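Visitor: Hi, I've got a protein to look at and no idea where to begin. Can you walk me through it?

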Amino acid sequence: MSRHGTHFGNRKRRGQGLLSPLFVVCGLLLLLAAVGLRPAMSALAEHYRKESIAVRRPLADLDVSGLPSFVELPEEAAPILKEEDVDTDEYTWISLKDIDRTEAGLSSVALYVTYYSAPGDKVAHTPEVCYRQGGAKIRDVRLVSLDTPELAPLHQRIEMNLLEMEQGGVRQLLAYVFCANGEFTTDRERVRWILASPGDRHIYYSKIELLSAWPEDEAKAVVLERFERLMRQALAVLIADHFPTADQLKGR
């Protein structure tokens with residue numbers, strides 16, 4: 001057979017291959033996939049898109065009567081906080097007096113709560129970073145386990161971070177914990193993971209801080225016991241009255 005005849009036969013076989021049912025079916029599937037990929041991806045993105053959610057009750061209206069061991073000290077002015085300073089308009093700062101330990105030295109403590117819900121919100125820095133940037137000397141940071149029967153059955157025990165620091169010559173103790181979609185953690189990366197995880201339609205996180213001066217004549221154990229009582233009582237009020245419920249987070 002001539003070389004031209006061989007080339008013709010090869011072209012014929014290639015043409016038959018291009019028109020084979022298997023090739024046509026594969027081509028159609030690829031075309032359909034290319035056409036439908038973008039709408040499918042858009043549908044998935046819409047399905048899993050996170051949305052913000054408001055508090056059920058403004059933090060500024062937190063009912064101090066729900067903190068049975070404490071009374072408010074309205075004469076102690078809160079620091080001047082601007083929305084741009086805390087990156088949210090949903091926050092509260094309340095000065096409280098411990099009425100269960102009248103023998104203690106200072107017996108007052110500040111409750112500071114911020115709330116964030118926009119999907120693009122950055123997770124706020126932890127207090128040890130913020131206060132150090134503000135000139136405070138951080139002496140110690142450690143985890144404290146806290147029994148929380150007020151939050152049972154979901155949370156029998158949580159952890160909070162306890163900071164010992166000095167600012168302007170004043171010794172201070174500070175405790176904090178994050179609450180992200182009803183889960184408690186002291187880790188910013190854990191907060192990010194909770195907010196990004198599938199399941200809930202809506203997202204939020206809150207940072208709950210307690211701050212108190214620490215006089216030389218007051219034992220740290222006394223202040224820590226005060227912090228533990230206030231944190232338990234404050235979290236119970238926040239969960240019961242302010243933070244969204246699990247059903248609300250799922251969009252029900």
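Guide: Sure, one word first: a residue is buried when its relative accessible area is under 20%, exposed when it is over 50%, and partly exposed in between, using a 1.4 Å probe and protein chains only. This is a predicted model, where local features need pLDDT of at least 70, side-chain atom pairs count only at pLDDT 80 or more, and totals for chains, interfaces and linings use all residues. Residues are numbered from 1 along each chain as its sequence is written, and side-chain values use heavy atoms, with hydrogens and water left out.

Visitor: Okay. How many of the residues are buried?

Guide: Out of 252 residues, 40% are buried.

Visitor: And how many helices and strands are there?

Guide: Seven helices and 10 strands. They are DSSP runs numbered from the N terminus: helices are H or I with at least four residues, strands are E with at least two.

Visitor: Let's do charges. How many salt bridges are there?

Guide: The rule asks for a side-chain nitrogen of Lys or Arg within 4 Å of a carboxyl oxygen of Asp or Glu. That gives a count of 13. One of them pairs Asp98 with Arg226, whose closest N and O atoms are 3.1 Å apart. Those two sit 128 residues apart, with Asp98 in strand β3 (residues 91-98) and Arg226 in helix α6.

Visitor: Are Asp98 and Arg226 buried or exposed?

Guide: Both are buried.

Visitor: What does Arg232 pair with?

Guide: Arg232 forms a salt bridge with Glu150, and the closest N and O atoms are 3.7 Å apart. Arg232 is in helix α6 while Glu150 is in the loop between β5 (137-147) and β6 (157-167), so this pair ties together parts 82 residues apart in sequence. Glu150 has a relative accessible area of 39%, so it counts as partly exposed.

Visitor: Got another one?

Guide: Asp200 and Lys250 meet through their side chains, at 3.2 Å from N to O. Again distant parts are linked: Asp200 is in the loop between α5 and β9 (202-203), Lys250 is in the segment after α7 (246-249), and they are 50 residues apart. Lys250 is partly exposed, because its relative accessibility is 39%.

Visitor: Which residues are joined into a network by shared salt bridge partners?

Guide: Asp98, Asp100, Glu225, Arg226 and Arg229 form one network.

Visitor: What about Glu228, does a charged partner turn up for that one too?

Guide: Glu228 is buried but has no salt bridge. The nearest side chain of opposite charge is Arg232, 4.7 Å away. For charge, Lys and Arg count as positive, Asp and Glu as negative, and His and the chain ends are not counted. Glu228 lies in helix α6 (residues 220-242).

Visitor: Which residues does Glu228 touch?

Guide: Leaving out residues up to four places away in sequence, Glu228 touches Val144, Ser145, Leu146 and Met160. Touching, or contact, means heavy atoms within 4.5 Å.

Visitor: Switching topic: where is Ser69 found?

Guide: Ser69 is in the loop between β1 (51-52) and β2 (70-72). Its relative accessible area is 5%, which means Ser69 is buried. Neighbours within four places aside, Ser69 is in contact with Lys97, Asp98, Ile99, Asp100, Arg229 and Gln233.

Visitor: Why does Val223 count as buried?

Guide: Because the relative accessible area of Val223 is 0%. Val223 lies in helix α6 and touches Leu173, Ser212, Trp214 and Glu218, not counting residues up to four places away. The C-alpha atoms of Val223 and Ser107 are 7.9 Å apart, although 116 residues separate them along the chain.

Visitor: And Trp193, buried or exposed?

Guide: Trp193 is exposed, because its relative accessibility is 54%. You'll find Trp193 in helix α5 (residues 188-196).

Visitor: Any backbone oddities?

Guide: Two to look up. The peptide bond from Ala152 to Pro153 is cis, with omega near 5°, and Pro153 is in the loop between β5 and β6. Asn181 is not a glycine, yet it has a positive phi of about 45°. Asn181 sits in the loop between β7 (170-180) and β8 (183-185), and it is buried because its relative accessible area is 11%.

Visitor: Last one: what share of contacts comes from residues 24 or more positions apart?

Guide: Among contacts with a separation of 6 or more, such pairs account for 70%.
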